[in-house]
Amino acid sequence: MVEVQRVFGVRHPDDPEPVESTKVVAARLLAAVGVALSPFVGGAIPALIALMLARQAEADIRASEGFLIGASRLPLVRRLSWIAIGIASAVVVAGLLVWVVSLARAAGDPSYGGGVAVSV
């Protein structure tokens with residue numbers, strides 16, 4: 001029976017090579033798409049999915065005992081995701097502000113076009 005042992009960072013020859021977590025790759029891609037689409041408000045959805053994938057990837061990396069790598073990229077993914085959510089939120093708030101101001105400007109105007117003949 002072959003005894004598998006790790007001593008002082010030496011790996012057993014039968015151990016698989018460490019690979020990058022595919023969830024980290026997907027989260028990084030979704031965060032970038034979120035930032036690119038955030039001015040059009042559509043970037044919030046990929047950014048939220050990227051945040052969820054980053055959380056799952058972190059748990060997977062911890063559980064893999066060194067066979068999954070990519071934890072160093074997770075802070076960047078989280079930062080990009082929150083930036084995308086912030087930009088999308090700012091666009092929504094700006095749109096609501098423009099809408100409210102346009103309603104306030106039209107408050108004193110007559111509800112008709114003014115071209116109505118009134119007979120007395």
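Start by selecting V92, which is partly exposed, with a relative accessible area of 38%, where partly exposed lies between buried (under 20% relative accessible area) and exposed (over 50%), taken with a 1.4 Å probe and protein chains only. V92 sits in helix 3, a helix here being a DSSP run of H or I with at least four residues and a strand a run of E with at least two, numbered from the N terminus.

This is a predicted model, in which local features need pLDDT of at least 70 and side-chain atom pairs count only at pLDDT 80 or more, while totals for chains, interfaces and linings use all residues. Residues are numbered from 1 along each chain as its sequence is written, and side-chain values use heavy atoms, with hydrogens and water left out.

Next, add V41, L96, W99, V100 and L103 to the selection, since together with V92 they make a nonpolar surface patch of about 540 Å². Such a patch joins nonpolar side chains (Val, Leu, Ile, Met, Phe, Trp, Tyr) within 5 Å, from residues with over 30% relative accessible area and no salt bridge, that is, no side-chain nitrogen of Lys or Arg within 4 Å of a carboxyl oxygen of Asp or Glu.

Now show the whole protein chain as a cartoon, where three helices and two strands appear in the order β-α-α-β-α along the sequence. The chain exposes about 8600 Å², of which carbon and sulfur atoms supply 68%, by the Shrake-Rupley method with a 1.4 Å probe; 21% of its 120 residues count as buried.

Then select V24, A27, A31, A50, L53, A54, A57, I61, L74 and V77, the ten residues of the largest nonpolar core. Helix 1 (22–37), helix 2 (44–63) and helix 3 (74–105) each give two or more residues to this core, and helix 2 gives the most, with five. A core of this kind is a set of buried Ala, Val, Leu, Ile, Met, Phe, Trp, Tyr and Cys residues joined through side-chain atoms within 4.5 Å.

Within that selection, centre on V77, which, leaving aside residues up to four places away in sequence, touches A27, R28, A31, A50 and A54, a contact meaning heavy atoms within 4.5 Å.

Finish at A84, also placed in helix 3, which counts as buried because its relative accessibility is 0%. With residues up to four places away in sequence not counted, A84 touches G34, V35, S38, G43 and A47. Measure from A84 to V33 as a last step: the C-alpha atoms are 8.9 Å apart in space, although the two residues are 51 apart in sequence.

Note on methods: Patches are made of residues with over 30% relative accessible area and no salt bridge: like charges are joined within 9 Å, nonpolar side chains (Val, Leu, Ile, Met, Phe, Trp, Tyr) within 5 Å.
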